[in-house]
Every structure is written in structure tokens, then in C-alpha cells.
Amino acid sequence: MVDADPKGHTFAVIGAGMSGILAGIKLKQAGYKFQIFEKADRVGGTWRENTYPGIACDVPSHIYSYSFELNPEWSEFTSPGSEVQEYFEGVSKRYGVDSEIRFREAVTRCTWMGHEWEIETEKGHIERFRWVIAATGILHHPKYPEIEGLDDFDGPIFHTARWDHNVEIQGKKVGLIGTGSSGVQITAAIAPDVEKLSVFQRTAQWVVPNERVVYTEEEKEAFRTDADLLRNLHTEMSTAFNDGFATSVIDGNSELIDDIQKRCLEALETVQDPELKKKLQPTYKAACKRLVVSHNFYDAVQRPNVDIVTADIEQIEKNGVRAGEELHEIDVLVLATGFHVDAFMRPMNITGRNGIVLDEVWKDWPSAYLSIAVPDFPNFFMLNGPNSPVGNFSLIQTAEMQFDYVLKVVDHVNQGDLDVAVISQEAYQRFDAERYEAAKGTVWATGCNSWYLDNNGVPFAWPFPFSRFRAEMEAPKLEDYELAKS
Ligand code: N01
């Protein structure tokens, strides 16, 4: 490996999911020394952890790929989760990143020691690194509902991100709490196999109909043999997405959102029973919550063995779930109740300069300059950190652009007589105030409850156009940083 860094600066990358693998590949290519720490025994992050029936990426596979590693083998327009997992495992091996990962070694502590970070892992290993890249993901801390009696249930009970494949659901009475993207995919997948499926829906979802497109062998062969075809497809899809949907969500009055809502309503019309249709009709604007994409949810819920329960859950009992007055008898209970989206790297103990603790800085809600850096935490960057465009652009494209930004800052420091970069309080506050104001005009702020909202009910995702994100990432404003020699 070429040593791009004459000062021997080293990187700790935390997490070997999509963005951690990306960081490894790019650091390797740039000639930097790095170590990736991964809590689990395999790469893949969210795709390793979510193995529930029906899991698929609802973003088109040809844009849910690294731009430098397009994949002609995707089986479908939106491919199954297991294929996405295989893709990341394959890329990680092919680029030689696997050998730089310390598996089963969660980082428990990061402490800034004045000129470098001290990192401690769950195995008690303590090491020092000049730079830290937190690539720990967003949707990875399962959120268990606070429902009375949850522990009293007699049968198997698990969260969607902890699916227990030892539990037989075939021919069983299954209860499913939650109708977000996970709940909807599971409903469609398991409805034909179970005796009874009781879906506990607290809020109706807008469900965008998509058609299932399976790529033919001829199409895949064309992708394999014509690199331009694949590249153009990636470019076209990215542009359409970034100029279309990504632009519309930041405008609460967008016509495109109205069109999407119309398409959702047309799909809802396929539900025959007026009472069921009424239950499934949302009362807020489409895309206010993250849109759910499905070609078969409405078919599934019209099966005679599926019950959409909208009465409030009173409590969970030994044999089932009591909603309203009625006890719904259940053998297996699945919690599709989402994730703690404000955790990010936590519960890791992170202490920056002057003993400032991240948990304290983020006690109300996490936020970061351009989603990447936090004042008082020198040489520490995040990929897909707080305020990232989670619901707007492809997470992979976002992470690639964020990483390129980080590398530009690092290169600048390394090439000068410097070794520390920390975002200034002033720059962070200026950005955060602007972001907070802009967030109020987005579709996510049009009057619904969702995981996009912070504790004050203000959306935390990137509220500006794609063009601004690209411009910010392409040309870091180095004047916003305090650059120093330690
Ligand atoms: O979680 P969610 P998810 N009693 O938070 C309900 C990504 N993803 O795992 O709407 C009753 O969206 C809650 O009800 P309400 C994607 O970004 C991607 O489904 O709050 N119900 C809601 O229905 C997605 O957005 C793919 O009223 C309770 C549900 O649980 C994100 O992950 C696939 C409750 C939670 O929905 C999260 O999706 C899957 C309670 N106490 C996921 N508590 C792809 O295909 C919560 N709920 C890429």
C-alpha cells in the first residue's frame, strides 16, 4: 500500500455496513492506514440484521449500488434483502476490505487525547488513531413498544430486525404490530402462509404501488457486457430521483407529491370492502411519513385470513393482544415498531476536547454540521450522521459524497503543517439554524407523526435541494473549520 500520509495518520472506522465498507475501500485506494471495527461477525449492517420474510430494498437496486461497483446481477428492479447483503459481502471481499475488519469488536469508548483519539473496544483493547469515521448507521437500534403486558405474552415474540427463523409461522396465528415499510413487506410475504394474521395498525400508511420487475437473463447479459448501459441506467435513475422525488419532499406544496398521492389513492381503490378501505385511508399528506412501497400489500390485506385491527392496543396478554374490547388470539407476535433513530453511535461513550461528552451535547436531539461534524470533536466525522438526507437521496450516493468531503478535509490537513480539524461552533450554529428553519417547509412537517421528527416535532433530515448537498460536499468550506497543529 502506498503511504499517502507521510505523518502516518491512521483512521478508525466504526461499523462495517454500507458506509463503513465504502470508507474502507476509499481509504485503501487513497493509501491511508485504517482499521474497521465491527460489532457483529459479518459485514452488511442493516442488511445483515434485517432478514424478515419479504425484505427487499424499496429503492431501485441499480441506484442502491456503489457508483464504482455497479452490479449487472441484480435480479429485480427492487431486489430482495439477501441479495443486497450478498452484494456488500462480495464488494467487501473484492476490494480487500474484509481483512481490515475486526469483527465481534464493538467500540465502547472514544476519547480525544489532545492530538489523537483513544479507542477502547468491548474486548478491552485500547488503541490510538488520528482520525475517526463513525459509519454506524441510522436504523439499527430496535424500538420496542411500551405496551402493558409485553412480557406476559406466552409465545415467541421478536422485533423485525431480530427475526427468529427458528420459530415456525406456517399455519400459526401471527400478530404484527406496526405498518411501516417493514410491517407492510412482512404482511404481504407471510399472509398466504399463516392461519391468521392480525395486523395492528395505529396509523394508516400511504402505499405507493410499484410493479414487480424481474430482470431477464438477456437484460442481465446486456448489463454484463455493456458497461455503458449500466452506467447510463445508474445516471438516469439517480438524476430522475434527485431532480424528482428528492426535490419534491422539501416542498410541502409540491405537485409531484400530489401526483404520488393520486397514484396511492388509485391503488387503494383496489380494496373492495368499503370498511377496510376506510381503515387503510390515511388522513395526512402522502410522503409526510416515509412512503411505503408495495405491489402486493392491498392484495394481502384482502385475504380472508388477514385482519387489519385499528382499535387501540390496550394490553398484551398471555394468549394475545387486547385491542379495544377484543382479545386477538395469537401464537407468534412480531414487533414492526421501528428504530431509535436518534442513537447514531450511542451508547458508545464519546468524549471530545475539554472533556465534552457527546451524550451531553446531543441530550435534546443529535445534530451535526452538514451531517458530518460536531464542534469540540476534532478529527471525528460521520457518514449518514444526523441531518443526513435519509428520506431524500440514495443513502449510498449520500455516503459516497460525504466520504469524499471528509477526505478533502483530511488531505488539506495532512498536506499542510496541521493535524487537527474541528468544525467551529459558529459554523455549526449557522448551519443548524438555517436547517431548522428550512425543515419547517418540508412535506415531513405537514402534520403527521413519523420517525423523521425530532423531540420538538421538527424534521431532522436534510431539508435543502440535492444541488446544495452536492455543492457543499464537493467543496468543503475549510474556513468553517478550526485547523491547528496539536
Ligand atoms: O419502522 P417505522 P419500519 N403501538 O418506524 C407502529 C427503512 N426500511 O421498521 O405510524 C402500535 O416506519 C408505527 O405506528 P405509527 C425505511 O426507511 C426500509 O417499518 O407511528 N403501533 C408504525 O406503523 C423505513 O421507513 C426498507 O402510528 C406502533 C410502525 O410501528 C424505516 O426503515 C424496509 C407502536 C413503525 O414504523 C423504518 O421502517 C424496511 C405502538 N406502541 C424498513 N409503536 C426498505 O425496503 C410503533 N408503532 C429499504
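Here is a short walk through the structure, starting at the ligand and ending where two domains meet. Keep in mind that this is a predicted model.

**Stop 1: the ligand and its shell.** Select the ligand, then show the residues within 4 Å of it. You should get 22 of them, with Ala 56, Ser 182, Thr 203, Lys 289 and Arg 290 the closest. Colour this shell by class and you'll have 9 nonpolar, 9 polar and 4 charged residues.

**Stop 2: helix H4.** Next, pick residues 181-190, which make up helix H4. With 3 residues, helix H4 gives the most to the shell around the ligand.

**Stop 3: polar contacts.** Zoom in on Ser 181, where a backbone N or O atom sits 3.1 Å from a ligand oxygen. Move along to Ser 182: here a side-chain N or O atom is 2.6 Å from an oxygen atom of the ligand. Now jump to Thr 203, which has a polar side-chain atom 2.4 Å from a ligand oxygen. How much of the ligand does the protein bury? The protein covers 85% of the 910 Å² that the ligand exposes when taken alone.

**Stop 4: two domains.** Zoom out and colour domain 1 (10-43 + 97-141 + 340-480) and domain 2 (150-211 + 252-335) separately. Their centres, taken over C-alpha atoms, are 34 Å apart.

**Stop 5: where the domains meet.** Here 12 residues of domain 1 are in contact with 10 residues of domain 2. About 790 Å² is buried between the two domains, and carbon and sulfur atoms give 60% of that. Finish by selecting Val 443, Thr 446 and Cys 448: this trio supplies 47% of the area domain 1 buries against domain 2, more than any other three residues.

Terms used:
Residues are numbered from 1 along each chain as its sequence is written. This is a predicted model: local features need pLDDT of at least 70, side-chain atom pairs count only at pLDDT 80 or more; totals for chains, interfaces and linings use all residues. Side-chain values use heavy atoms; hydrogens and water are left out. A polar contact is a pair of N or O atoms within 3.5 Å; within protein, one must be able to donate a hydrogen and the other to accept it, and residues adjacent in sequence count only if both atoms are side-chain atoms. Accessible areas come from the Shrake-Rupley method with a 1.4 Å probe; for residues, only the protein chains shown count as cover. Helices (H or I, at least four residues) and strands (E, at least two) are DSSP runs, numbered from the N terminus. Ala, Val, Leu, Ile, Met, Phe, Trp, Tyr, Cys and Pro count as nonpolar, Asp, Glu, Lys and Arg as charged, and the others, Gly among them, as polar. Domain bounds come from an automatic or database domain assignment. Contact means heavy atoms within 4.5 Å. Buried area is the accessible area (1.4 Å probe) that two parts lose on being put together, summed over both.
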